[in-house]
Amino acid sequence: MPPSWVDSEWGRVAVASSGFLADGYDLYVVGGVEHILTEQFSCDHSSRPDCLEASLMQAYKSSSSSAALFGAVLGQLVFGALADRLGRRVIFIATGSLIVLGSVLSACVQEFGGGPGVLMAQLVVCRAMLGFGIGGEYPLSATICAEGTAARRRGTLMALVFSNQGMGYLLSAVVSLALAFSDASPEFSWRFALAFGAVVPVISLYFRMQMHESESFEKVKSAREHGDNGVDLRLTVRRYAWHMLGTAGNWFLFDIVFYANGLFNGDVTSVINLGFEGQKEVSMKNLLIVLMMLPGYFVGVAFINKLGRKNVQIQGYINMAVWFGICGFCYDYLRSDCPVFFIVVYGLTFFFSNFGPNLTTYVIPGEIFPTQAKATLHGFSAASGKFGAFLGAVLMPYISGMPVTAVGVKRVMLLCSAIACLGLVLTIFLTPRYGPEDLVPQEEGETVGFIKLYFQRRTTQRQWAEKGGNIDPGASSENSSEDEASEVTSDAQDT
């Protein structure tokens, strides 16, 4: 395909989507891989003389998950900041390369005569590398999509990019299921599953190399070279401090719930007997969970512009609080007497997560922050989310009990409901209400329109400059702003 296609709206969406498909795949495939490794190496299942005690095996698995999350936090912070300084294209190539390298190395780990402990330790390091690359995909994909699309389509196309996380989950479930029913050897299965995570990113690397920097970033770069104080990150952060607290705080709270919820998939799906055993049973139940997740992503794509970002986030939190509350208060009754309804209710927690804050916490920081700080502040918001995920993964097992108990699961469900209520409050006060027309630059030098929170005064760029310095660089001409505004108005009239 010609380079011109790569720089089109749909080209940028396609290339940006590849990272999120890899994120979803690698996040979900590791559960099945760990199940196989446990059967191969744990003394509870293996007769190997050098097998790992159950507690040690669990420690390796926890370390692998923690390493991936820690790597993602670093990637979001480091690559987000670098993208605003060095450019989107070169950093996007670097993050894709790390995903490919991390996936391939994960599949190639060996015992080297030291037993399964050596192999598992290598896997922890490789997962950290993979997480580092995937973390960078968050701010890069959001920034590249936001800067390459018109305001009236931006939210929908960013939501489409994010929905590829769900497609990654589906691809992971299908690959694991195919391996399980092919009767491939356990070692081949887990190595192939990990290596397959490199396929989409390695294809996308060619197209990433064909991309050009966005016009907005080129103008920011020029402003820096001319010593324009308007590109100062410190002043931008000051202007958007409350917005940043809202985006980072919501992502932090949501990811505690989202990742904690995934820890109990096995306990919830245990009420269903699909008639299979071993890895086939695990793979079928993983596919069932994914099929419950997927609709929310695409409903979000369809309605994010019609309902508005803030409304989608609010209704998502309300529904999460309700359905998690029902799961918690009625857990024993639903699990024993109404197992099918229990699965439906549990599935609704995923549906309204994806048609709610899982989507909007990604889209909003990609839209509202200006070019000179977009990747940095999106990366900071995303890193706050991954820190919440890490906190949830560490603390929730203590709340649920080890091993998991019915009383513990009820506590977790009710805690998730309470956290959703906190997210609702934070959204009401610190998430701006805006539509596509509000994103159009209103003044010469703005890259996006400044969207005030309800308690903030509407200040122009000039008024802000008198207080702390020129905030937005000359990244959009007055004529281009008028053209964009005309496009939005025309689109609104058409609909």
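**Figure 1. A salt bridge within helix α9, between Glu215 and Lys219.** In this predicted model, Glu215 and Lys219 stand four residues apart in helix α9 (residues 215–225), a separation of about one helical turn. Helices are DSSP runs of H or I with at least four residues, strands are runs of E with at least two, and both are numbered from the N terminus. The two side chains meet in a salt bridge at 2.9 Å, N to O; the term denotes a side-chain nitrogen of Lys or Arg within 4 Å of a carboxyl oxygen of Asp or Glu. Glu215 is exposed, with a relative accessible area of 54%, whereas Lys219 counts as partly exposed at 23%. Buried means under 20% relative accessible area, exposed over 50%, and partly exposed in between (1.4 Å probe, protein chains only). Residues are numbered from 1 along each chain as its sequence is written. Because the model is predicted, local features need pLDDT of at least 70 and side-chain atom pairs count only at pLDDT 80 or more, while totals for chains, interfaces and linings use all residues; side-chain values use heavy atoms, with hydrogens and water left out.

**Figure 2. The salt bridge between Glu9 and Arg153.** The closest N and O atoms of Glu9 and Arg153 are 2.8 Å apart. Glu9 belongs to helix α2 and Arg153 to helix α6 (residues 151–181), so the pair ties together parts that are 144 residues apart in sequence. Glu9 counts as buried at 17% relative accessibility, and Arg153 counts as partly exposed at 26%. By the rule applied here, the count comes to twelve salt bridges.

**Figure 3. A network of salt bridges linking Arg48, Asp50 and Glu111.** Within this network, Asp50 pairs with Arg48, their closest N and O atoms being 2.9 Å apart. Asp50 is partly exposed at 33% relative accessibility, and Arg48 is partly exposed at 27%.

**Figure 4. The surroundings of Thr38 in helix α2 (residues 9–41).** At 13% relative accessibility, Thr38 counts as buried. Its side chain reaches the backbone oxygen of Glu34 at 2.7 Å. The side chain of Thr38 also makes a polar contact with the side chain of Lys61 at 3.2 Å. A polar contact is a pair of N or O atoms within 3.5 Å; within protein, one must be able to donate a hydrogen and the other to accept it, and residues adjacent in sequence count only if both atoms are side-chain atoms. Not counting residues up to four places away in sequence, Thr38 touches His45, Met57 and Lys61, a contact being heavy atoms within 4.5 Å.

**Figure 5. Met320 and Tyr362 in the largest nonpolar core.** Of the 70 residues in this core, Met320 and Tyr362 touch the most other members. Helix α13 (residues 278–307) supplies the largest share, nine residues. A nonpolar core is a set of buried Ala, Val, Leu, Ile, Met, Phe, Trp, Tyr and Cys residues joined through side-chain atoms within 4.5 Å. Leaving aside neighbours within four places in sequence, Met320 is in contact with Phe254, Val257, Gly325, Thr349, Phe352, Ser353, Pro357 and Ala420. A second, separate core of 20 residues includes Leu37, Tyr60, Ala107 and Met120.

**Figure 6. Overall context for the close-up views.** The secondary structure of the protein chain comes to 21 helices and zero strands. Buried residues make up 56% of its 495 residues. Among contacts between residues at least 6 apart in sequence, 83% join residues at least 24 apart.
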